[in-house]
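Work through the exercises below with the model open. Each task is followed by its solution in steps.

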Amino acid sequence: MHQTPDIPKKKVAGQGEVLRALLVGVDFGKSDFASGMEELALLVESAGAKPVTTITMKRSSPDAAFFIGSGKADEAQAAIEQHECDLVVFNHALSPAQQRNLERKLEIGVVDRTSLILDIFAQRAKSHEGKVQVELAQLQHLSTRLVRGWTHLERQKGGIGLRGPGETQLETDRRLIGERVRVLRSRLDKLQRQRETQRRSRSRSHTFSFSLVGYTNAGKSTLFNAMTKAGIYVADQLFATLDTTSRRIYLEEAGNVVVSDTVGFVRELPHQLVAAFRATLEETIHADLLLHVVDAASPVRRDQMEQVNLVLKEIGAEDVPQLVVLNKIDLADLNPGMERDEYGKIQRVLVSARTGAGMDLLRQAVTEYALAAKRLHLPLELADAEQFVEAKI
């Protein structure tokens with residue numbers, strides 16, 4: 001049977017217990033390092049843990065064995081003892097070998113940025129589709145990190161009779177995961193076909209549709225509720241929304257339109273998640289308009305907009321027309337307003353979804369887009385989209 005040296009098990013919080021986390025970040029010379037570490041603390045809190053101390057350093061490249069080097073690993077070991085930490089969270093993606101080396105060295109669980117975001121998504125997923133997508137992403141990520149028997153998978157499958165002749169435990173585990181991945185992909189394909197049928201129905205009726213996109217915690221769900229009175233879950237935390245929700249609303253002059261709320265984006269969103277959530281995110285590809293919701297109070301809003309546009313490009317939605325919505329103006333001490341370019345086309349709208357300030361201007365802006373699409377009886381073409389200049393904040 002396949003065996004490896006023991007690796008410390010990650011501690012699991014009991015009821016009412018909060019895990020204490022040591023945060024680790026390496027500055028490779030990027031300008032957004034400080035904001036990235038602040039975001040890591042928010043991610044850890046969103047996962048239900050408590051950041052108690054932080055170690056940062058500058059390096060030109062990662063250390064092959066420990067990512068942070070043996071000296072900093074010793075420093076981390078001392079910090080763990082001093083602050084009684086339960087786990088270590090890295091603001092980077094670790095290789096399987098680096099993670100194993102660190103766990104052996106530090107003798108507690110080590111979580112990288114990818115695993116952390118996957119864990120948050122697993123906690124937040126509520127719909128069947130969301131749960132399937134998260135499980136698929138987790139299995140694809142963890143399959144590269146198998147180092148010993150996953151007995152819980154065997155218990156689910158029954159165990160006896162599943163192991164082929166001469167198979168090691170590791171080979172069996174990989175085969176079980178591969179089978180589960182195939183089942184999940186089949187389910188997602190079916191759900192994707194159902195979504196496609198719904199979209200074709202909307203297209204035949206020429207129903208104008210727009211989707212809310214933006215960085216996580218930019219206020220998309222609050223804006224969605226303000227526009228639709230849907231009452232979906234809202235929280236001041238990262239990734240409060242995972243499941244795409246669509247509602248039909250009535251706009252004077254434009255008539256019925258469909259608005260969809262989508263999962264928030266974040267820098268270095270794990271590739272497995274983008275791939276697994278493609279069925280959900282494709283709602284944005286087929287929209288006539290994207291409302292790019294931006295946190296007006298964030299000092300790094302330009303960087304966040306850039307990250308959102310990178311993900312949109314990855315899923316093939318970079319050519320969908322965008323209207324930038326500066327949200328949370330009440331926190332940024334800004335006034336509601338609508339800005340147009342020299343051709344009279346709308347550039348951006350300033351609103352507060354929480355207080356309702358500027359929401360009438362946003363409805364007016366969406367109505368203009370909807371009427372333009374209605375005149376054509378087609379989704380807005382790129383040639384028309386070029387007239388709507390994306391905001392440069």
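**Exercise 1.** Which residues in helix 4 meet which residues in helix 5? Determine also how the two helices are oriented.

Solution. The structure is a predicted model.
- Locate the elements: helix 4 covers residues 113-124 and helix 5 covers residues 128-142.
- List the contacts: on the helix 4 side are Thr114, Ser115, Leu118, Phe121 and Ala122, and they meet Val134, Ala137, Gln138 and His141 in helix 5.
- Sort these residues by type: five are nonpolar, four are polar and none is charged.
- Take the geometry: the helices pack at an angle of about 155°, and their axes are 9 Å apart.
- Classify the angle: because angles over 145 degrees count as roughly antiparallel, helix 4 is roughly antiparallel to helix 5.
- Add the handedness: helix 4 and helix 5 make a left-handed crossing.

**Exercise 2.** Is Ser260 buried or exposed? Find its side-chain partner as well.

Solution.
- Place the residue: Ser260 is part of strand 7, residues 255-261.
- Apply the cut-off: buried means under 20% relative accessible area, so Ser260, at 3%, is buried.
- Check the side chain: Ser260 and Ser246 are joined through their side chains by a polar contact of 2.6 Å.

**Exercise 3.** Compare the settings of two residues with positive phi, Glu107 and Lys328.

Solution.
- Recall the background: most residues other than glycine have a negative phi.
- Glu107 has a phi of about 65° and sits in the loop between helix 3 and strand 4.
- Lys328 has a phi near 65° and sits in the loop between strand 9 and helix 12.
- Compare accessibility: Glu107 is exposed at 60%, whereas Lys328 counts as buried at 17%.

Methods:
Residues are numbered from 1 along each chain as its sequence is written. This is a predicted model: local features need pLDDT of at least 70, side-chain atom pairs count only at pLDDT 80 or more; totals for chains, interfaces and linings use all residues. Side-chain values use heavy atoms; hydrogens and water are left out. Helices (H or I, at least four residues) and strands (E, at least two) are DSSP runs, numbered from the N terminus. Buried means under 20% relative accessible area, exposed over 50%, partly exposed in between (1.4 Å probe, protein chains only). A polar contact is a pair of N or O atoms within 3.5 Å; within protein, one must be able to donate a hydrogen and the other to accept it, and residues adjacent in sequence count only if both atoms are side-chain atoms. Axes are lines fitted to C-alpha atoms, for helices over the stretch in contact, and angles run from 0 to 180 degrees between N-to-C directions. Angles under 35 degrees count as roughly parallel, over 145 as roughly antiparallel, 65 to 115 as roughly perpendicular and the rest as oblique. A crossing is left-handed if the near helix is turned anticlockwise from the far one by less than a right angle, and right-handed if clockwise. Contact means heavy atoms within 4.5 Å. Ala, Val, Leu, Ile, Met, Phe, Trp, Tyr, Cys and Pro count as nonpolar, Asp, Glu, Lys and Arg as charged, and the others, Gly among them, as polar.
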